[in-house]
Amino acid sequence: MTGASRPNRRVLIAILLGVIPLSQFPIDVYTPAIPDMIREFGASATLVQNSVSAYVLGMSIGLLPVGIIADARGRKPTLLVCLALLFAASLGITATTDIGLLLVLRFVQGVGACACMVVVYAIAADTHRGRELTALSGWLGASWGLAPVIAPAIGGLLVQFVSWRGIFVLIAGLAAVAAVVVWRLLPETLAADKAEPIRPRLIVRVLGTTLGRRLFVGLTLVFAVFASAQLLFGVVAPLLYETQLGLPPAAYGGIALLVGAANLGGELATGSLATRISSRLLGFSALASFTVGAVILTVSGLLIGPDILFITLGGIFVMLGCGALCPMAYGLALGLFDRNLGLIGGLTSAVCYLFVAVTMGAAATLPDDSQTPIGVIYLGCAAVGGVLLALCLPSTRRAIASPSQAS
């Protein structure tokens, strides 16, 4: 591998902002189709909902090896191979009539799509440091957050007027476009002197050193807790809005657009405020918003039952908090290091998505006749997140001031 190319900053950032939503889009775009898929496959709601878990599990398992390969072979070729995998799996799903094969292909989709997160963040860390990296992480989070904003609305329209299979044709098309752009325009940002050969002993040593840093572990857990909370709403909400309240898929998509906009607002706040205010102030402000949403969902479910206003209002406050906390924690965690960024980013994301996979599996067993269960879970997330933030943020500035090498 040759040395890294000197990238045009605007072109580079534009490509990263365009690619990263493909890690999240295949989750959110098809959630409005879950009730239709239950009917077409003749399967239980639990089994169809677990197709979300299969995708997330594929992401979580793929993140670490994809990060390792990106550190050894380069960012660009790794991303291209994974986009091809996402394309092929998406086309396969359009033709399947078997729920078991659907679950397998969703897993493969997740493996391919994970590069759209871990490699993108590795490229960001190759080219930015310190508060600039945290701010860019916020902007990347905002672009990633476009998926929860627009994807359910797009998916709802496709389900209502075309077919749920059209959703996966769209995913394949987006993967193909992204691959062409990456192939033609993305420079290689991994410098030759920072390439890390695939040596198991070295990888184990790097992982051990990284996991030995309490600040890194704490920030990674913050990311995992609130990313899980964020994705949980997208799985539970369709059943509340469509099944309990009787809304058509397109109408649910419109509400998801509103709730997702709050998530996007939180991510934009991190992007614009990370260089202006302390991480502690930003983090606890976001936690306060999340807690308000959790209380609204819990109390309204107990006192009123399913209600479009309170479910939506609670979701808005929850998503605003998640939107700010996730990119902030990810950026701070990755900014602690200046080598092995693919491996470390993969580790951070893998821990997160393992949490998410477990959460999605558990969500399939939740009662779906009220918003109270998800509200209670969110209250637990707020408590755990508050403790983690209190432990991590006071020392963040000192820790980030002198990034360490992981190898």
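Contact here means heavy atoms within 4.5 Å. The model is predicted.

## Exercise 1. The surroundings of Gln-371

Place Gln-371 in the fold, decide whether Gln-371 is buried or exposed, and list what Gln-371 touches.

Solution.
- Step 1. Start with the location. Gln-371 sits in the loop between α16 (341–363) and α17.
- Step 2. Apply the cut-off. Buried means under 20% relative accessible area. Gln-371 has 0% relative accessibility, so Gln-371 is buried.
- Step 3. Collect the contacts, leaving out residues up to four places away in sequence. Gln-371 touches Leu-240, Leu-297, Ser-300, Gly-301, Gly-305, Pro-306, Asp-307, Phe-310 and Ile-311.
- Step 4. Look at the polar side-chain atoms. One of them, in Gln-371, lies 3.1 Å from the backbone oxygen of Gly-305.

## Exercise 2. Helix α17 and Gly-375

Compare the reach of helix α17 with the expected value, then describe the setting of Gly-375.

Solution.
- Step 1. Take the helix limits. Helix α17 covers residues 372–392, which is 21 residues.
- Step 2. Check the span. From first C-alpha to last, α17 reaches 30 Å, close to the 30 Å expected at 1.5 Å a residue.
- Step 3. Pick out the covered positions. The buried residues of α17 include Ile-374, Gly-375, Tyr-378, Cys-381, Ala-382, Gly-385, Leu-388, Leu-389 and Cys-392.
- Step 4. Recall the helix geometry. An α-helix has 3.6 residues a turn, so residues three or four places apart point the same way.
- Step 5. Focus on Gly-375, which lies in α17. Gly-375 has a relative accessible area of 0% and is therefore buried.
- Step 6. Find its partners. Beyond neighbours within four places in sequence, Gly-375 is in contact with Ala-294, Leu-297 and Thr-298.
- Step 7. Add a distance. Gly-375 and Arg-276 are 99 residues apart along the chain, and their C-alpha atoms are separated by 32 Å.

## Exercise 3. The nonpolar surface patch

Name the residues of the nonpolar surface patch, find the helix with the largest share, and classify Leu-302.

Solution.
- Step 1. List the members. Val-295, Val-299, Leu-302, Leu-303, Ile-304 and Leu-379 make a patch of about 560 Å².
- Step 2. Assign the share. Helix α14 (residues 279–303) supplies four residues, the largest share.
- Step 3. Test Leu-302, which is placed in α14. The exposed class needs over 50% relative accessible area. Leu-302 has 62%, so Leu-302 is exposed.

## Exercise 4. Salt bridges

Count the salt bridges, then trace the partners of Glu-40 and Arg-75.

Solution.
- Step 1. Give the count. The model has four salt bridges.
- Step 2. Take Glu-40. Its salt bridge is with Arg-165, and the closest N and O atoms are 2.8 Å apart. This pair links distant parts of the chain: Glu-40 is in helix α3 (residues 34–41) and Arg-165 is in helix α10 (residues 164–185), 125 residues apart.
- Step 3. Compare cover. Glu-40 is partly exposed at 45%, whereas Arg-165 is buried at 18%.
- Step 4. Turn to Arg-75 and Asp-71. Their salt bridge has its closest N and O atoms 2.7 Å apart. Arg-75 is buried at 1%. Asp-71 is buried at 3%.
- Step 5. Add Asp-126. The side chains of Arg-75 and Asp-126 meet in a salt bridge of 2.8 Å, N to O. Arg-75 is in helix α5 (residues 75–95) and Asp-126 in helix α7 (residues 115–127), 51 residues apart. Asp-126 is partly exposed at 25%.
- Step 6. Join the pairs. Shared partners connect Asp-71, Arg-75 and Asp-126 into one network of salt bridges.

Key:
Residues are numbered from 1 along each chain as its sequence is written. This is a predicted model: local features need pLDDT of at least 70, side-chain atom pairs count only at pLDDT 80 or more; totals for chains, interfaces and linings use all residues. Side-chain values use heavy atoms; hydrogens and water are left out. Patches are made of residues with over 30% relative accessible area and no salt bridge: like charges are joined within 9 Å, nonpolar side chains (Val, Leu, Ile, Met, Phe, Trp, Tyr) within 5 Å. Accessible areas come from the Shrake-Rupley method with a 1.4 Å probe; for residues, only the protein chains shown count as cover. Helices (H or I, at least four residues) and strands (E, at least two) are DSSP runs, numbered from the N terminus. Buried means under 20% relative accessible area, exposed over 50%, partly exposed in between (1.4 Å probe, protein chains only). The expected span of a helix is 1.5 Å times one less than its number of residues. A polar contact is a pair of N or O atoms within 3.5 Å; within protein, one must be able to donate a hydrogen and the other to accept it, and residues adjacent in sequence count only if both atoms are side-chain atoms.
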